Amino acid sequence: MTSRSGGNLATFALRDGGGVPLVLLHGFPLDHRMWAVCAPHLPPGTRAIGIDLPGAGHSDLDGHPPSIEHSADAVYRTMVAAGEGNAVVVGHSMGGYVALALAERHPGFVAGLGLVDTKSTADTEEARAKRLRIAAAADASQTVDAVLGMPADLVGATSTRRRRHLFPLLDSWIRAQSPAGVAWAQRAMAARPDRTAVLERFDAPVAVVVGTEDVITPLADAEHMVRAAGAPSVFSAGDSALTLVPAAGHLSVVEEPQAVAAALGLLHSHVVAHR
């Protein structure tokens, strides 16, 4: 089910339930559909809402300059307009950047934070330059050709060998994006600051999830976020605040959706139990 009004972002009810929702923010260059693979595996009663970020999927660009902060404000505005006072916010990759900005700018809204295959640090100069080249190529060609090869990096080695069915699926999702949205998102990510300090200040539960074969935001980035959040504020499953997803790369949400859903279900139950 899709809902959108008043210039807000497109939202999708991915799983029915009650209480505090999980708000699921997608990575680049995808949309809410990546979470539709994972949401059915969440524990019964867990309400999950997918959102298409600005310029992705069913959400338009509104003329605002590229900005992760603008994306975070748009998510907040959309959820408040829908009557949601707070949520457990989960972001994958680019969605994680937006989730951290949301926690910084609207901390009262974020009851818990899930960071999946993402990082809190800013881009290196090399990574920033690559993003800007891709943005320029999307603008010049008015196609998404510059990002069609991304699935080879998004999935892990195991998926490359054993889950070849994911490649046409990812290709179809990427081809459905707009060149303008691709360019806007790349420029927004290139301009984002280091938000490690946001985790250091954040006082609600945090879950960090990473695929063991993730080469884009590898284990070191996940461990950095766990250290920044600190023991008092980090949601801990067992003896570790960090959930490792075996046999999965950067797109663990799609590669091993049950494992990711289990980690997010634990985070959600922890938030609900302590409210």
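**Pockets, cavities and core in a predicted model**

The largest pocket in this protein holds about 530 Å³ of space, and I would like to start there before widening the view. By pocket I mean, on a 1 Å grid over the protein atoms alone, an open set of points with protein on both sides within 12 Å along at least five of seven lines, whereas a cavity is a set of points where a 1.4 Å probe fits but cannot get out, and lining residues are those with an atom within 4 Å of a point. The grid points are joined across faces, edges and corners, and a volume is the space filled by probe spheres set on the points.

A word on where the values come from. This is a predicted model, in which local features need pLDDT of at least 70 and side-chain atom pairs count only at pLDDT 80 or more, while totals for chains, interfaces and linings use all residues. Residues are numbered from 1 along each chain as its sequence is written, and side-chain values use heavy atoms, with hydrogens and water left out.

Back to the pocket, then. Its lining has 21 residues, and Lys130, Arg131, Met150, Gln186 and Ile216 are the ones that lie nearest its centre. At least two lining residues each come from α3, α4 (125–141), α5 (151–154) and α8, and α4 gives the most, with 4 residues; helices here are DSSP runs of H or I with at least four residues, strands are runs of E with at least two, and both are numbered from the N terminus. By type, the pocket lining divides into 12 nonpolar, 4 polar and 5 charged residues, where Ala, Val, Leu, Ile, Met, Phe, Trp, Tyr, Cys and Pro count as nonpolar, Asp, Glu, Lys and Arg as charged, and the others, Gly among them, as polar.

Let me turn to the enclosed spaces. How many cavities of 30 Å³ or more does the count come to? There are 3 of them, and the largest has a volume of about 110 Å³. The largest cavity is lined by 19 residues, with Phe28, Ala56, Met94, Gly181 and Ala185 nearest its centre. Two or more of these lining residues come from each of α2 (68–81), α3 (94–105) and α8 (179–190), and α8 gives the most, with 5 residues. The lining of this cavity divides into 13 nonpolar residues, 6 polar and no charged.

Phe28, which we have just met at the cavity, also takes part in a backbone feature, since the peptide bond from Phe28 to Pro29 is cis, with omega near 0°. Pro29 itself sits in the loop between β3 (18–25) and α1 (33–36).

Two further backbone points concern residues that are not glycine and yet have a positive phi. Ser93, with a phi of about 50°, is in the loop between β5 (87–92) and α3, and at 9% relative accessibility Ser93 counts as buried, which means under 20% relative accessible area, with exposed being over 50% and partly exposed in between, for a 1.4 Å probe and protein chains only. Ala247, with a phi of about 60°, is in the loop between β8 (242–245) and α11 (252–255), and Ala247 is partly exposed at 23%.

Now the whole protein. It has 12 helices and 8 strands. Its radius of gyration, taken over C-alpha atoms, is 17 Å, close to the 19 Å that the globule rule (2.2 Å times the number of residues to the power 0.38) gives for 275 residues, so the protein is as compact as a globular protein of that length. Buried residues make up 56% of the 275.

Inside, the largest nonpolar core, a set of buried Ala, Val, Leu, Ile, Met, Phe, Trp, Tyr and Cys residues joined through side-chain atoms within 4.5 Å, has 87 members, of which Leu25, Trp35, Val75, Leu113 and Leu199 touch the most others. The largest share of this core, 8 residues, comes from α3. In soluble globular proteins, nonpolar side chains tend to be buried together.

I will close with one buried strand residue. Val116, in strand β6 (residues 110–116), has a relative accessible area of 0%. Leaving aside neighbours within four places in sequence, Val116 has contacts, meaning heavy atoms within 4.5 Å, with residues including Trp35, Ser93 and Ser252, so two residues named earlier, Trp35 of the core and Ser93 of the loop before α3, return here.
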